[in-house]
Amino acid sequence: MDRATWDRVQVLLGQFVYRSHQMRYAGELIHCGHCGSPITGETKTKKNKKTGGDKQYVYYRCARYNDEDHPRIRMTEAEIDEQILALFDRMRVEDEEFRNTFREQLRRATNWDLGTETKNED
Ligand SMILES: [Zn+2]
């Protein structure tokens, strides 16, 4: 596990308050599996039809997303969280009790995030 991943886990376990304008995975923390370029965040603002207020959505995509032959993939933070959870599910931890506690806390923190995030409406 690299330092950036570990730091991310610390944040998840800390159950910090999610803020929609915050770009947790930006800052070249992760790279594109297709071309290796840094993943960058973008914020889209949409009007809430009921309240008339603005809601911000954060997406992550490859810096070369707009290249002609590049896959058109954007991900929400919740989707990246899911992938990190899957990564930890594959990790080997010797002590079963520690492993279960660790996984449960991680899942709780992530579910809490999912509850505050709206789906990609594209
Ligand atoms: Zn790419």
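**Exercise 1. Classify His70 as buried or exposed, then place it in the zinc site.**

Step 1. His70 has 9% relative accessibility, so it counts as buried. Buried means under 20% relative accessible area, exposed over 50%, and partly exposed in between (1.4 Å probe, protein chains only). This is a predicted model: local features need pLDDT of at least 70, side-chain atom pairs count only at pLDDT 80 or more, and totals for chains, interfaces and linings use all residues. Numbering runs from 1 along each chain as its sequence is written, and side-chain values use heavy atoms, without hydrogens and water.

Step 2. List the donors. The zinc ion has Cys32 (SG), Cys35 (SG), Cys62 (SG) and His70 (NE2) as protein donors, 2.0 to 2.3 Å away. Donors are N, O and S atoms within 2.8 Å of the metal (3.2 Å for Na, K and Ca); water is not among the atoms, so sites may look incomplete.

Step 3. Read the spacing. It is C-x2-C-x26-C-x7-H. Cys35 lies in the loop between helix 1 (3-13) and strand 1 (39-47), and His70 in the loop between strand 2 (54-62) and strand 3 (74-76), 35 residues apart. Helices (H or I, at least four residues) and strands (E, at least two) are DSSP runs, numbered from the N terminus.

Step 4. Turn to Cys35. At 29% relative accessibility, Cys35 is partly exposed.

**Exercise 2. Find which rings lie under the charged ends of Arg72 and Arg74.**

Step 1. Apply the test: CZ of Arg or NZ of Lys within 6 Å of the ring centre and within 35 degrees of the ring normal.

Step 2. Arg72 sits over Tyr65, 4.4 Å from the ring centre.

Step 3. Arg74 sits over Tyr59, at 4.3 Å.
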